[in-house]
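Biologist: Could you take me closely through the core of this model, one piece after another, and say for each piece what lies around it?

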Amino acid sequence: MRELAGKAALVTGGSRGIGAAIASRLAESGADVAITYVRAKDRADEVVERIGGRAFAVQADNTDADAVTRAVDRTVAEFGRLDILVNNAGVFPFGAIEDVPLEEVDRTLAIHTRATFLASQAAVRHMVGGGRIVSIGSNLAQRVPFPGVALYAMSKSALDGFTKALAREVGPRGITVNVVHPGSTDTDMNPADGDAAGHQRSLIPLGHFGVAADIAGTVAFLAGPGGGYVNGAAITVDGGTNA
């Protein structure tokens, strides 16, 4: 079903993992899709080729405020509109708080928090007659069952407050704002056969990692007609880890 036909979407960090799956799923539903990438142009081009249709990739580092807003404006220039923004680009800093340098704090907050604000700020200016904003958080923003992720959890938990506040602000304009909190998901950032996978798996009632398509399906629902009355919500997709 091409329920997003005629819609235009931007997925940040769409060259791999969850972002690539989201971009593909939105395209399958009929949307024109732009993705951003930082360095892996070849991987971004592969995603665009796989999507087909009216898709393109733009280089934009989420630590660069101007690049973030330019990516939004470029999407509008190419497609003539912007209906869906998915704030997905992310990193996974790990380490004891005493060992985290200031540069990593600034970088993580820039990627997860500032860029989400700036991209959303730029996007709502173009969402005439409604739109959808979905940010990708983490179940670690809600519960933290192991040490070493204080910075990551802090940066992702900020998305909950932002989502609620922005949903209240732009809801009257027909724009919905939601956040999806993935749990352990099999990607190159957190492979299901990685060193820490066993411990993570022991926390999941379903007993296995999720896959990127699980998150993409939730985002597609929120972006489609079925998600039209979901606003200001945090949806956790983690196999029951946080239950």
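Modeller: A residue is called buried here when its relative accessible area is under 20%, exposed when that value is over 50%, and partly exposed in between. Thr163, at 1% relative accessibility, therefore counts as buried. Please keep in mind throughout that this is a predicted model.

Thr163 sits in helix α5, which spans residues 150–170. Leaving out residues up to four places away in sequence, Thr163 touches Val177, Asn178, Val179, Gly232 and Ala233. Val179 also appears among the contacts of Ala234, which touches Gln142, Asp160, Val179 and His181 when residues up to four places away in sequence are not counted. Ala234 belongs to strand β7, and with a relative accessible area of 39% it is partly exposed. Between the C-alpha atoms of Ala234 and Ala110, which are 124 residues apart along the chain, the separation is 21 Å.

Strand β7 leads us to the sheet, which is the part to look at closely. Seven strands make up this open sheet, and they follow one another in the order β3-β2-β1-β4-β5-β6-β7 with parallel pairing. Its edges are formed by β3 and by β7 (234–237), each of which pairs on one side only. On average, and ignoring direction, neighbouring strands of this sheet are turned by 20° against each other.

Within that order, let us begin with strand β1, residues 8–11, which is covered on both faces: Ala8 and Leu10 on one side are buried, and so are Ala9 and Val11 on the other. From β1 the chain crosses through helix α1 (residues 17–28) to β2, and this β-α-β crossover is right-handed. The pairing of β1 with strand β2 (residues 32–37) is parallel and runs over four bridges. Along this pairing Ala9 stands opposite Val33, Leu10 has Ala34 as its bridge partner, and Val11 stands opposite Ile35. On β1 there is also a pairing with strand β4 (residues 84–87), again parallel, made by three bridges. Here the bridge partner of Leu10 is Leu85, and Leu10 is thus bridged to Ala34 in β2 as well as to Leu85 in β4.

Strand β2 comes next, and six of its six residues are buried, so the strand is largely enclosed by the rest of the structure. Asp32, Ala34 and Thr36 point one way from β2, whereas Val33, Ile35 and Tyr37 point the other way, and all of them are buried. Apart from its bridges to β1, strand β2 pairs with strand β3 (residues 55–59), in the parallel sense and over five bridges. In that pairing Ile35 stands opposite Ala57, while towards β1 Ile35 stands opposite Val11.

Between these two strands of the sheet lies a helix that deserves some attention. Helix α2, residues 41–51, forms a right-handed β-α-β unit together with β2 and β3. Its buried residues are Ala44, Val47, Val48 and Ile51. Seen down the axis of α2, these buried residues fall within an arc of 100°, so they line one face of the helix. They pack against α1, β2 and β3, and the face turned away from this buried side carries the exposed residues Asp42, Glu49 and Arg50. After α2 comes Gly52, whose phi is positive, near 75°.

To finish, let us return to strand β4, the partner of β1, and look at a polar residue in it. Asn87 is found in this strand, and at 5% relative accessibility it counts as buried. Its side chain makes a polar contact of 3.2 Å with the side chain of Ser135. Setting aside neighbours within four places in sequence, Asn87 is in contact with Thr12, Ala115, Thr116, Ala119, Ser120, Ile133, Val134, Ser135 and Ile136.

Technical notes. Residues are numbered from 1 along each chain as its sequence is written. This is a predicted model: local features need pLDDT of at least 70, side-chain atom pairs count only at pLDDT 80 or more; totals for chains, interfaces and linings use all residues. Side-chain values use heavy atoms; hydrogens and water are left out. Buried means under 20% relative accessible area, exposed over 50%, partly exposed in between (1.4 Å probe, protein chains only). Two strands pair if DSSP finds at least two bridges between them. A crossover is right-handed if, with the strands pointing away from the viewer, the path from the first strand over the helix to the second runs clockwise. Contact means heavy atoms within 4.5 Å. A polar contact is a pair of N or O atoms within 3.5 Å; within protein, one must be able to donate a hydrogen and the other to accept it, and residues adjacent in sequence count only if both atoms are side-chain atoms. Axes are lines fitted to C-alpha atoms, for helices over the stretch in contact, and angles run from 0 to 180 degrees between N-to-C directions. The arc is that of the directions from the helix axis to the C-beta atoms.
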